[in-house]
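Work through the exercises below with the structure open beside you. Try each task before reading its solution.

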Amino acid sequence: MSGTDPAALQELRAVEAELNERWPETKIEPSLDRIRALTDLLAEPQRSYPVVHIAGTNGKSSTSRLTDALLSGLGLRTGRYTSPHLQVATERISIDGKPISPEAYVEAYRDVAPYVSIVDSRSDVRMSKFEVLTGMAFAAFADAPVEAAVVEVGLGGSWDATNVADAKIAVVCPVALDHAEYLGDDIAGIAAEKAGIIKPGSIAVVAAQPAAAQQVIMDRVAEVDATVAREGQEFGVLSRTVAVGGQMLSLQGLGGVYDEVFLPLHGEHQARNAALALAATEAFFGAGADRQLDVERVREGFASVVTPGRLERVRSAPTVLVDAAHNPHGARALADALSSEFSFRRLVAVVGVLGDKDARGILTELEPVVEEIVLTRNSSPRAMDPDELAGVAKDIFGPDRIVVEPRLDDAVETAIQLAEETDDPGESVSGGGVVITGSVVTAGEARALFGKEPA
């Protein structure tokens, strides 16, 4: 974070060290009692602004950023709460589309800390790190104050700390298998947990889902008498064409057609996220069959969006892309975008995954679109050992397409060299590409390697 006061960064690190003494975000105890107790002590800050709540397995962070950009473009002061962060914890709490400063993050923590201590003293289980962060975000948004908050679920839905907010708009992104150790391996069960963000009288904006998930979500809609807008029925992508730096879209919204929309993001999945964000924003403003949002401001909002670590180009010649895909569903979307929107002569993947993820599923999705793969690890204590990852990869790629480099920086350098290789001395080395993926942590550390600032 260039230009930041070193003392502020030191304080930020001290706060993070305190937070890291708490239960990590990968450990949950299904109860909203602690976060409710905290928000009660804070005078329920989450009720001082309308909330767009976003759940789902993949696409939550991108949809959150797209929705934030549209709400901002339409004149609202916004807060955005997302997780996990790519590089710096301050990314999780954004106001006016930008991460709060280290000073503001520390101040938010110090403001809630006395109340957190009270909740801790009254409970057998101390508040988790995520619960404290959620309280910090809600309080920071109330202090700003914001006119709308875009809040991404951390894990699941019903029992997620963010679910103390009574969202006006509940968005359910595509549901797939992930976090099976917490949410189970039953799509219907996972969908039921995520559908728990749909509250009585709210508007549910639902992405296209597997049939089992769709049925459960619609059951929840009926149970709480919510209004529903479904991708493929009330809204969706009418057409998309690849354009320089992204894609040109025509979107069916709740209020009509929005055409000539440039989205500076790659992949069909991002076009669908944009349709989801548009419908959520229309629902927020009460747009419908007889009322459309200002098309020009929608175009400007989408054109301004930045989604770091989502098929993000961090270098040219050779092209180096960073993507936070960390489960098979995300890896499939990445592979589809790489094959349909880029024409690399030779594409090399750098992959580092966490030990609790479906490494075999991720590698299987990537195999058809990459020439070679460099296996590495990120700095997370949960990172899978690269030799263990290589054991999985050999079954999928064969031994000749695999390289193991334990350090991420070495892995990236090796991949760049491989991408530039050519069998024909007369052939240009241009057209090679590298994609760095497998984990949000891997993507964040890769961004830092290339000097990208947190966003």
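## Exercise 1: Overall build

The protein has 15 helices and 17 strands; helices (H or I, at least four residues) and strands (E, at least two) are DSSP runs, numbered from the N terminus. This is a predicted model, in which local features need pLDDT of at least 70 and side-chain atom pairs count only at pLDDT 80 or more, while totals for chains, interfaces and linings use all residues. Residues are numbered from 1 along each chain as its sequence is written, and side-chain values use heavy atoms, with hydrogens and water left out.

**Task.** Find how compact the protein is for its 455 residues.

**Solution.**
- Step 1. Take the radius of gyration over C-alpha atoms; the globule rule is 2.2 Å times the number of residues to the power 0.38.
- Step 2. The radius is 22 Å and the rule gives 23 Å for 455 residues, so the protein is as compact as a globular protein of that length.
- Step 3. Look at the extent: the C-alpha trace spans about 70 × 50 × 45 Å along its principal axes.
- Step 4. Check burial. Buried means under 20% relative accessible area, exposed over 50%, partly exposed in between (1.4 Å probe, protein chains only). Of the 455 residues, 55% count as buried.
- Step 5. Check contacts, meaning heavy atoms within 4.5 Å. Among contacts with a separation of 6 or more, 73% come from residues 24 or more positions apart.

## Exercise 2: The cores

**Task.** Describe the largest nonpolar core and say which element gives the largest share.

**Solution.**
- Step 1. Fix the term: a nonpolar core is a set of buried Ala, Val, Leu, Ile, Met, Phe, Trp, Tyr and Cys residues joined through side-chain atoms within 4.5 Å.
- Step 2. The largest has 41 residues, and Y81, I93, Y105, V132, M136 and F141 have the most contacts inside it.
- Step 3. Elements giving two or more residues include helix 1 (6-19), helix 4 (102-122) and helix 5 (129-143).
- Step 4. Helix 5 gives the largest share, nine residues.
- Step 5. Zoom in on M136. Leaving aside neighbours within four places in sequence, M136 is in contact with I93, Y105, A108, Y109 and V112.
- Step 6. A second, separate core has 39 residues, including A148, V150, L278 and V298.

## Exercise 3: Salt bridges

**Task.** What parts of the chain does the K199 and D166 pair tie together?

**Solution.**
- Step 1. A salt bridge is a side-chain nitrogen of Lys or Arg within 4 Å of a carboxyl oxygen of Asp or Glu. The structure holds 27 of them.
- Step 2. K199 and D166 meet at 3.5 Å, N to O.
- Step 3. K199 lies in the loop between helix 7 (187-194) and strand 7 (203-206), and D166 in the loop between strand 5 (148-152) and strand 6 (169-172), so the pair ties together parts 33 residues apart in sequence.
- Step 4. K199 is buried at 10% relative accessibility, whereas D166 is partly exposed at 47%.
- Step 5. Widen the view: E44, R47, D166 and K199 are linked in a network of salt bridges.

**Task.** Where in the chain do E312 and R447 lie?

**Solution.**
- Step 1. Their side chains form a salt bridge at 2.7 Å, N to O.
- Step 2. E312 is in strand 12 (residues 312-315) and R447 in helix 15 (residues 440-449), 135 residues apart.
- Step 3. E312 is buried at 13%, and R447 is buried at 4%.

## Exercise 4: A covered strand

**Task.** Is strand 15 covered or open on its faces?

**Solution.**
- Step 1. Both faces of strand 15 (residues 372-375) are covered.
- Step 2. E372 and V374 are buried on one side, I373 and L375 on the other.
- Step 3. Strand 14 (residues 346-351) pairs with strand 15 in the parallel sense over four bridges; two strands pair if DSSP finds at least two bridges between them.
- Step 4. V350 has V374 as its bridge partner in strand 15.

## Exercise 5: Unusual backbone

**Task.** Locate two cis peptide bonds and two residues with positive phi.

**Solution.**
- Step 1. The bond from S83 to P84 is cis, with omega near -10 degrees. P84 is in the loop between strand 2 (78-81) and strand 3.
- Step 2. The bond joining A144 and P145 is cis, with omega about -15 degrees. P145 lies in the loop between helix 5 and strand 5.
- Step 3. E44 is not a glycine, yet has a positive phi of about 50 degrees. E44 is partly exposed at 30%.
- Step 4. A317, also not a glycine, has a positive phi of about 55 degrees. A317 is exposed at 64%.
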